[in-house]
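Hi everyone, thanks for coming. I'd like to walk you through a structure that's new to most of us, so let's get it up on the screen.

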Amino acid sequence: MTESIEISELTKKFEKITAVDGVSLDVRRGEVFGFLGPNAAGKSTTVKIAATLLEPTKGTIQVEGHDVQNEPVSVRAITGLLPEDGANTHYDRLSAYKNLEYFGHLYDVPAEKLHDRIERLLEFLELKDRRDESPATFSTGLKQKLSIARSMIHDPSVVFLDEPTSSLDPIMSKRVREFIDTQAEGGKQTFFLCTHLLSEVEALCDRVGFISRGVLVEVGRPKDLRRKFWTLRTFEVKLTDPNLQKSVDIISSTGLVQSVSIEGKRVIFEVEDAETKNPQIIRALMEAGHQVVEVREHVPDLEAVYLKVIGGN
Amino acid sequence: MWKKAWLMARTEIRMVFKSRQVKTIPIMVVIMSVIFGGLWTYWTLLMGLTNPADFNFMTSTIMSIVIIMLPIMLPVLIAADSIVGEKERHTLVPLLATPLTDGELLLGKYLTALIPGLLVAYGNLLLAVAVVNGIVLLFAPHLLWVWPDTLSLLQALILPLLFAFLAVGMMVIISGRANTVYEAYQTGGFIILPAMVFAYSGFLAGLGLNWMIFYLGIIILVIADFVLYRVAVKLFNRDNLIVRSG
Ligand SMILES: Nc1ncnc2c1ncn2[C@@H]1O[C@H](COP(=O)(O)OP(=O)(O)OP(=O)(O)O)[C@@H](O)[C@H]1O
Ligand SMILES: [Mg+2]
């Protein structure tokens, strides 16, 4: 079995709202999976069901082969959760260290390992010098990092992170991303990441799922999704000939492109099936005596893909 | 089951005693036992209520405030702080994400309220008995051990237990509605009130301490405890707790 999380036909209804609507999704072991969607899409609800905090109305989730409804305790034992608004979920009456120690005990971390693990997490997340203070005295970012440490305290096989960097400044976010990246490198831990931040997904995730209004719209590698939604590719051409309008006319007259225009000192064209058409376009330019210095593709970022997928829904 | 629940209760007890309201009760209880209990006993003797029946009646009446009413406030406040407070302070979700079973969680909450509640109630009972009989020994030795009689003693032993149990069940049930510990404290008043009525019903009926009222009260309380416990078990599951707290 290589599936770490298997979601099948998952539906969750609250009184009036269907928060999750027939979602099926597999996440592989060792994968960093990004779960993307606008507000109220059903991301957190899905995570809460996977973490056995909510019960599905229909469908199932299996985490490492354990069913969330039939074996909830086994699921929780191997699962780490950074809840939404995780920064504000600490016991202010305990020190940061004691918070982690308490959860270590609740997760059955052997006493001889617990101390080292806490130290290691505090060290890595740069919380060490604040360890004996109450989280109440922490900034939001520090609290968030403590939540991240808490979600990893038992070295879980599967980690659900609901907007891990939402309250962090860019430097903190980067550090946390690096932390997740390092953890994921071993390939033993599976990460399921809810986020609005496309840059985060782009930087971290092996695969991504788009959810909108409870419905899973797309799943795939960021690269593949881009290709799928960008059948029309955009290229810019740099030429030695300063008379760009002439180049535009030549490209246009090939009848191969969707559009062509001048932008600054370059010619931009859009084309379907670039593999076969680009050589012909370039040959036409060369034959007319125009020297091509450079051809570069405009790669759309994930944000553009996202807007297209979600917008189209 | 007990190991995990105890682990949880141990940490929670340490935490609830950081609440000023919770901390105040044991201090108040001890002060009342020593000063109020001592002065009252001395005054009773001074007024010449030195025949055993009168002395026991007066002392039982007044001391039930000290050994029953005050101590039962503690589990009420603790239960409010540890159950509704968990919601107010947003610490419930990570706790529910641990491998604790629903039963362990609920047991942990019961232990959190019961253990300090009973320690304070019984410790205070010992103290009150010592103070009253200490005064008696000094000024009217023939009244030694007249108070507490068996019935007062049984009341002081059983009622804090039954009321503490009631308090936890009650707080679990209201935790769906109450969002702040403060609201929960107010609801706690509904527990103190029947306790007061019960503790004084014998006196209100002009019967003094009365075995029949005692048995009747115990039966009612045990039934109430059981019913509330069953409701609490039913409500105390993750889906319900999370849905209602968002
Ligand atoms: N306890 C609840 N009771 C009723 N409705 C709920 C509850 N929890 C969530 N919902 C609804 O379910 C839908 C999905 O919510 P969810 O929190 O899963 O969204 P999300 O994708 O995490 O959004 P966000 O990006 O804003 O965090 C929303 O319409 C929300 O209002
Ligand atoms: Mg969310």
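I'll talk about the ligand first, and then about a sheet in chain A.

Just so you know, this is a predicted model. Okay, where does ligand 1 lie? It lies between chains A and B, and it sits in the second largest pocket. Around ligand 1 there are 15 residues, and the closest are A:Asn39, A:Lys43, A:Ser44, A:Thr45 and A:Glu84. If you sort that shell by class, you get seven nonpolar, five polar and three charged residues. And which element gives the most to the shell? That's helix H1 of chain A, residues 43-50, with three residues.

Now let's zoom in on some contacts. An oxygen atom of ligand 1 is 2.6 Å from a side-chain N or O atom of A:Ser44. There's also a ligand oxygen 3.1 Å from a polar backbone atom of A:Ala41, and one that's 3.2 Å from an N or O atom in the side chain of A:His196. As for cover, ligand 1 taken alone exposes 640 Å², and the protein buries 74% of that.

On to the sheet. It's an open one in chain A, with four strands in the order E2-E1-E4-E5 and antiparallel pairing. Strand E2 (18-28) and strand E5 (66-67) are the edge strands, so to speak: each pairs on one side only. Further in, strand E1 (residues 3-13) and strand E4 (residues 58-63) of chain A pair in the antiparallel sense over five bridges. If you want a spot to look at there, find A:Ile7, which stands opposite A:Ile61 in E4 of chain A.

Definitions and conventions. Residues are numbered from 1 along each chain as its sequence is written. Chains are lettered from A and ligands numbered from 1 in the order in which they are written. This is a predicted model: local features need pLDDT of at least 70, side-chain atom pairs count only at pLDDT 80 or more; totals for chains, interfaces and linings use all residues. Side-chain values use heavy atoms; hydrogens and water are left out. A residue is near a molecule or strand if one of its heavy atoms lies within 4 Å of it. A polar contact is a pair of N or O atoms within 3.5 Å; within protein, one must be able to donate a hydrogen and the other to accept it, and residues adjacent in sequence count only if both atoms are side-chain atoms. Accessible areas come from the Shrake-Rupley method with a 1.4 Å probe; for residues, only the protein chains shown count as cover. On a 1 Å grid over the protein atoms alone, a cavity is a set of points where a 1.4 Å probe fits but cannot get out, and a pocket is an open set with protein on both sides within 12 Å along at least five of seven lines; lining residues have an atom within 4 Å of a point. A molecule sits in a cavity or pocket if more than half of its atoms lie within 2 Å of its grid points. Helices (H or I, at least four residues) and strands (E, at least two) are DSSP runs, numbered from the N terminus. Ala, Val, Leu, Ile, Met, Phe, Trp, Tyr, Cys and Pro count as nonpolar, Asp, Glu, Lys and Arg as charged, and the others, Gly among them, as polar. Two strands pair if DSSP finds at least two bridges between them.
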